[in-house]
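Work through the exercises below with the model open. Try each task before reading its solution.

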Amino acid sequence: MAGATTAGLGALAGTARLLFGTERIYDHGDTAGMGALALFGAPGSFGDLDSSQDGVRDTRIVTVDVPGWGFGPGQAAYMSTVTSDGTVFTATTPFSDNQAQPTGTGMEIAAFEPGSMRFTRLVVPSSTGRTQLPRADTGFRGVGGADVADVIVTGSAPDERVMFVSAVSYFGWDTAVYGELPALGQIRRPAPGQPWSYDPTRSWTTDQLAAAAPPEAAANAFPHEGRGEPRWSRGPAAIGRLPASGHLVIAQYFGSSSLGTDQGALLVVDTAGRVRASWQYPEVQVFGVPVVVNPREVVTDPTSTAGDERFVLISDCRTADNRVVPFPVQEFSYSAGGAGQGSGTITPCSTAVRAAVDGSRMETACFDDNGTLYVARTHADGLHAATLAVYPKIDGNRGLVTRTPATDGWPWRSWGVPNPPEHFVAGTDTGGLVRSIVFDPASGAVVLAGLDGTVRAVRPSGRGRRMTFTVGQPIDIGLRHLRGPSSRYIGLRRGAVDVRQRVLWLPVNQLVLDAIAWPYPPFKLDQWLMRIDLRAVLT
């Protein structure tokens, strides 16, 4: 999906605190003594981090060789999640960083088990068992397959599962031969001690999701776009678990030509693949100018109650001539209704808002366990961080709703209005665009990771309007030492906290973006996982 520009990365360099590892060899499974920062990947893939300067090895970051580590051709590390046993799952995105421009031929998810140092490429087969699904047109040079746009954990042992969505699960191959890939899938352990594996019995293609949905919901959520092709998934870009019902809210990034709209949509399904609710984003105008809204991120409020499960949506926005419109955040409510399909409802509670009228964008968000919303923002240049915006829950609601409710006509009367938060966190506007913001329940801190390769922690105190914040120094996690040829880009994506081990896992990816004209034949690039000891970061 749309992402920040990566030009001018050198301008993001700044002063950062360095955290040092140790000088010893680690046995497999021994990660506790690795120091604050450890980078896991294929042997020999760590660039300057494994080099020596003046005969002294740079020990800021411990590098860990993992035998068998490696993503498939054209697949880069993307969003992550952690299961209760500590397994880290990493979604995949094309090297183009655009799911509509695939650079591989299949679908896969990476699973890393730190305790046994085991890396597994979980290759997802199609409905006919194919794992290589190239587009037939030779002009696309063999690319095909699909991305995995997001991953989350649902349930608990022994039925804990990893669920995933694919933004573009079909790319023009012959479905009679190659079948279809899932738009919504599940991974599970068949039995304790057995490896994690893809579960085809609890995974669904767009056609399967539509077949089980009420006709109106199927027509809107999974429309027919092309003769002889599967139904269109509309680009599931993000997935979140609603805390009371356990249902899954999905952001559908794209519009639909057959429905006559460029606007994206929202969808709620249960873990059995049944559509519970769908909601089409309305046509939007700002001062008479149409705005295209592409839902990109959904984040659920853990303090929600049944019948009123809250979540926020962040969307990429542009005009018809592709000029960027500052990205807003918007709050919604979901009511599960009865037990039947289509019985739920999605209701906008606030209009779509910005934190300030300065061209800044609402980039990515998380909630803490009190229902306080933290929104990482980006300057108008799309490259540098702006100050963190904090909307606490006060008397049962956030200021998103109390100050800018979704009254009649909001898509043209109030869309994009400013709603300054209760708190702007001073000192969080240095460094790069924030790619990852996560909450650490053990400390109550929020941890931000930026495009410039720095991580910092924000520790709140107090509640509501009386909150104060302690902002840690930025910590350099060494991405510049991994940078290869100028045709490649090293970045990071949303991390995941292992609550029991008190560590943050950050996917570190290597892309080519537009440095090579797409499409190009699939090839491999190194990808990594960074382990950050939160106890060290938060000192």
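**Exercise 1. Place Arg234 and judge its backbone and burial.**

Step 1: locate the residue. Arg234 sits in the loop between helix H3 (215-221) and strand E13 (236-241). Helices (H or I, at least four residues) and strands (E, at least two) are DSSP runs, numbered from the N terminus.

Step 2: read the backbone. Arg234 is not a glycine, yet its phi is positive, near 65 degrees.

Step 3: check burial. Arg234 has a relative accessible area of 0%, so it is buried. Buried means under 20% relative accessible area, exposed over 50%, and partly exposed in between (1.4 Å probe, protein chains only).

Before going on, note the ground rules. This is a predicted model, in which local features need pLDDT of at least 70 and side-chain atom pairs count only at pLDDT 80 or more, while totals for chains, interfaces and linings use all residues. Residues are numbered from 1 along each chain as its sequence is written, and side-chain values use heavy atoms, with hydrogens and water left out.

**Exercise 2. Do the same for Arg141.**

Step 1: locate it. Arg141 belongs to the loop between strand E8 (118-123) and E9.

Step 2: read phi. The value is positive, about 55 degrees, although Arg141 is not a glycine.

Step 3: check the surface. Arg141 has 47% relative accessibility, so it counts as partly exposed.

**Exercise 3. Find the cis peptide bonds at Pro158 and Pro519.**

Step 1: take Pro158. A cis bond links Ala157 to Pro158, with omega about 10 degrees. Pro158 lies in the loop between strand E9 (150-154) and strand E10 (161-165).

Step 2: take Pro519. The bond from Trp518 to Pro519 is cis, and omega is near 5 degrees. Pro519 falls in the loop between strand E37 (503-511) and strand E38 (528-533).

**Exercise 4. Describe the surroundings of Asp533.**

Step 1: assign the element. Asp533 is part of strand E38.

Step 2: check burial. Its relative accessible area is 10%, so Asp533 is buried.

Step 3: list the neighbours. Leaving out residues up to four places away in sequence, Asp533 touches Gly35, Ala36, Arg502 and Val503. Contact means heavy atoms within 4.5 Å.

**Exercise 5. How many disulfides does the structure hold?**

Step 1: count. There are 0 disulfides. A disulfide is a pair of cysteine sulfur atoms within 2.5 Å.

Step 2: examine Cys317. It is in no disulfide, and the nearest cysteine sulfur, that of Cys349, is 18 Å away. At 2% relative accessibility, Cys317 is buried.

Step 3: examine Cys349. It is in no disulfide either. Cys349 is buried, at a relative accessible area of 14%.

**Exercise 6. Characterise the whole chain.**

Step 1: count elements. The protein chain has 6 helices and 38 strands.

Step 2: test the fold size. A compact globule of 539 residues would have a radius of gyration near 24 Å, and the chain has 22 Å, which agrees. The radius is taken over C-alpha atoms, and the globule rule is 2.2 Å times the number of residues to the power 0.38.

Step 3: add the dimensions. The C-alpha trace spans about 65 × 60 × 45 Å along its principal axes.

Step 4: quantify burial and contacts. Of the 539 residues, 58% are buried. Among contacts with a separation of 6 or more, 59% join residues 24 or more positions apart.
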